[in-house]
Amino acid sequence: MAMTQQSGILQQGASEERGENARLASFVGAVAIADLVKSTLGPKGMDKILQSMGRGQSVTVTNDGATILKSIYIDNPAAKVLVDISRVQDDEVGDGTTSVVVLAGELLREAEKLVSDK
């Protein structure tokens with residue numbers, strides 16, 4: 001049962017998603033983040049151009065997954081979990097931030113297939 005409804009707790013103009021729509025939105029957001037940094041891996045990894053939205057409007061060119069994930073605004077809860085995984089990996093080990101996000105993203109991609117098959 002998928003539905004969107006207004007709730008008295010949410011701010012004006014906000015909506016609440018439930019059921020299939022909420023599950024699908026979580027999977028899509030997390031997999032999109034994993035795909036974003038996946039293209040930076042390896043010797044043929046592509047650089048990303050990051051432009052700040054602030055007053056300075058600085059431009060950064062990087063292929064570091066941790067830098068990319070720290071620089072973008074994310075409002076999807078499942079995608080935020082992937083960013084947190086990357087941050088913890090960086091704090092504990094200091095390397096492998098992109099790899100853990102890509103691995104978690106692929107696990108979520110396969111989990112989504114299993115859930116949709118049920």
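These notebook entries record what I looked up about helix α3 and the nonpolar core in this predicted model.

**Basis.** I number residues from 1 along each chain as its sequence is written. The model is predicted, with local features needing pLDDT of at least 70 and side-chain atom pairs counting only at pLDDT 80 or more, while totals for chains, interfaces and linings use all residues, and side-chain values use heavy atoms, with hydrogens and water left out.

**Helix α3.** I took helices as DSSP runs (H or I, at least four residues), numbered from the N terminus. Helix α3 covers residues 77-92; at 1.5 Å a residue (times one less than the number of residues), its 16 residues should span 22 Å, and the end C-alpha atoms are 22 Å apart, which agrees.

**Its two sides.** I found Ala 79, Leu 82, Val 83 and Ser 86 of α3 buried (under 20% relative accessible area, 1.4 Å probe, protein chains only). They cover an arc of only 95 degrees around the axis, taken from the directions from the helix axis to the C-beta atoms, so they lie on the same side of α3. On the other side, Pro 77, Asp 91 and Glu 92 are exposed (over 50%).

**Its ends.** At the start of α3, I noted a side-chain oxygen of Asn 76 within 2.9 Å of the backbone nitrogen of Ala 78. Just after α3, Gly 94 takes a positive phi of about 90 degrees.

**The core.** The largest nonpolar core (buried Ala, Val, Leu, Ile, Met, Phe, Trp, Tyr and Cys residues joined through side-chain atoms within 4.5 Å) has 14 residues; Leu 82 and Val 101 are among those with the most contacts inside it. Helix α1 gives the most to this core, with 4 residues.

Note on methods. Helix = DSSP H or I, 4+ residues; strand = E, 2+ residues; numbered from the N terminus. Polar contact = N/O pair within 3.5 Å; in protein donor to acceptor, adjacent residues only side chain to side chain.
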